[in-house]
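Dear colleague,

Please find below the structure that I am handing over to you, together with its sequence. My notes on what was found in it follow directly.

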Amino acid sequence: MKVVIADECCLCFGANRALSLAQEKIAEGKKVALFKQILHNKRTTDQLLNAGAVQKDNLDEITSGDCVVIRAHGERKDTFDYLKGKGIEYVDGTCPNVKAINLLVYGKNAEGYKIIIVGKYGKNGGKMHPEVAGTAGWCDDPIFVEDEEDVANIPLQYPKYYLVVQTTFSCEKANELIQKTRAFLENNGKHFEFRNTTCGAQKRINESAERLAKDVDCVIVVGGKNSSNTKELFNNISGKTKGFLVEGLEDVKDLVQQGELEHFEKIGLTGGASTVREELEEIKNYLETFKK
Ligand code: SF4
């Protein structure tokens with residue numbers, strides 16, 4: 001059996017940066033409080049907790065002396081205001097791409113635009129994506145759009161609208177929704193501007209996985225099952241070859257035990273934007289060793 005790792009995969013720049021900031025602060029001996037789930041990756045989060053960090057998911061759990069690490073998804077403006085107001089030390093791990101969207105939305109809101117956020121906002125019982133929740137906290141009562149039905153329901157009482165997109169939302173779907181929103185608003189005499197803020201990192205990981213899928217018998221996608229970009233990666237792959245979604249080595253061992261992988265000669269491995277490359281290397285070693 002041959003195992004090939006995708007040339008572009010795993011921890012994106014933003015997630016890597018937030019992780020490094022947390023590690024640096026732990027190394028400095030700070031009382032690090034990870035504010036909400038820093039990565040959709042249990043193993044890496046556990047490593048931080050074992051190194052001395054603590055998990056805090058609500059502002060009222062934060063105490064003076066904590067050094068709060070804000071994750072790459074970012075946070076609402078009032079979270080930063082709260083920390084500053086209380087004089088609590090924090091490091092802003094918000095991905096610079098996400099921060100740029102937050103500040104764009106803040107500025108456009110102040111200029112009188114009604115903000116539209118395209119992204120997963122918790123429709124049909126789903127959960128609002130944390131980045132969407134963070135961005136929403138930089139403007140007044142934004143309009144959320146996840147599909148065409150939402151476009152048709154955009155309230156029309158505002159003169160001008162500005163649209164941004166969740167960075168990990170599908171770029172193609174975002175383009176479609178932007179065009180539909182533009183048509184809907186302009187046909188109703190409204191002023192419309194937008195920026196397609198989907199992230200290039202995610203696109204490159206998806207494209208690399210698609211290339212890999214053409215060259216192997218199946219692809220194992222490694223990542224948190226609640227990570228939106230990992231799910232998108234898996235859905236993308238599943239349409240092109242046999243795909244498996246796993247959280248880590250233990251899940252791969254289960255697949256092997258169940259005989260799911262025994263017919264494949266060449267297996268591809270890729271990881272979502274919150275997966276560390278080390279995990280893929282371990283899975284590769286395991287699969288290659290196991291078959292020998
Ligand atoms: S996917 Fe892109 S925007 Fe999102 S955290 Fe990673 S680098 Fe930043």
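C218 has I267 of β12 as its bridge partner. This pair belongs to the contact between β10 and β12, two parallel strands joined by 5 bridges. Please bear in mind that the model is a predicted one.

On the other side of the pairing scheme, β1 and β12 are also parallel and share 4 bridges. Here K2 lies opposite K266 of β12. Strand β10, which covers residues 218-222, is likewise joined to β11 by 5 bridges, again in the parallel sense. Within that pairing, I220 has F244 of β11 as its bridge partner.

Taken together, these strands form an open sheet of 4 strands in the order β1-β12-β10-β11, with parallel pairing. Its edges are β1 (2-5) and β11 (242-246), each of which pairs on one side only. On average, neighbouring strands of the sheet are turned by 25° against each other, direction ignored.

Two helices pack on this sheet. Helix α8, residues 200-215, touches β1, β10 and β12 (266-271). The direction of α8 makes an angle of about 175° with that of β12. Helix α9, residues 228-238, touches β10, β11 and β12, and its direction makes about 175° with that of β10.

How many of the 6 residues of β12 are buried? The count is 5, so this strand is largely enclosed by the rest of the structure.

A second site that may interest you is N102, a residue of helix α4 (residues 96-110). Is N102 buried or exposed? Its relative accessible area is 1%, and because the limit for a buried residue is under 20%, N102 counts as buried. The side chain of N102 makes a polar contact with the side chain of T135, at 3.1 Å. Apart from neighbours within four places in sequence, the residues in contact with N102 are E75, T94, G134, T135 and W138.

Finally, there is the ligand. Which residues surround the ligand? They are C12, G14, C95, N97, T167, T168 and C199. By class, this shell around the ligand comprises 3 nonpolar and 4 polar residues, with no charged ones.

With kind regards

Conventions: Residues numbered from 1 in each chain as written. Predicted model: local features only at pLDDT ≥ 70, side-chain atom pairs only at ≥ 80, totals over all residues. Heavy atoms only, no water. Pairing = 2+ DSSP bridges. Axes fitted to C-alpha atoms, helices over the stretch in contact; angles between N-to-C directions. Contact = heavy atoms within 4.5 Å. Buried < 20%, exposed > 50% of the residue type's maximum accessible area, 1.4 Å probe, protein only. Polar contact = N/O pair within 3.5 Å; in protein donor to acceptor, adjacent residues only side chain to side chain. Near = heavy atom within 4 Å. Nonpolar A, V, L, I, M, F, W, Y, C, P; charged D, E, K, R; others polar.
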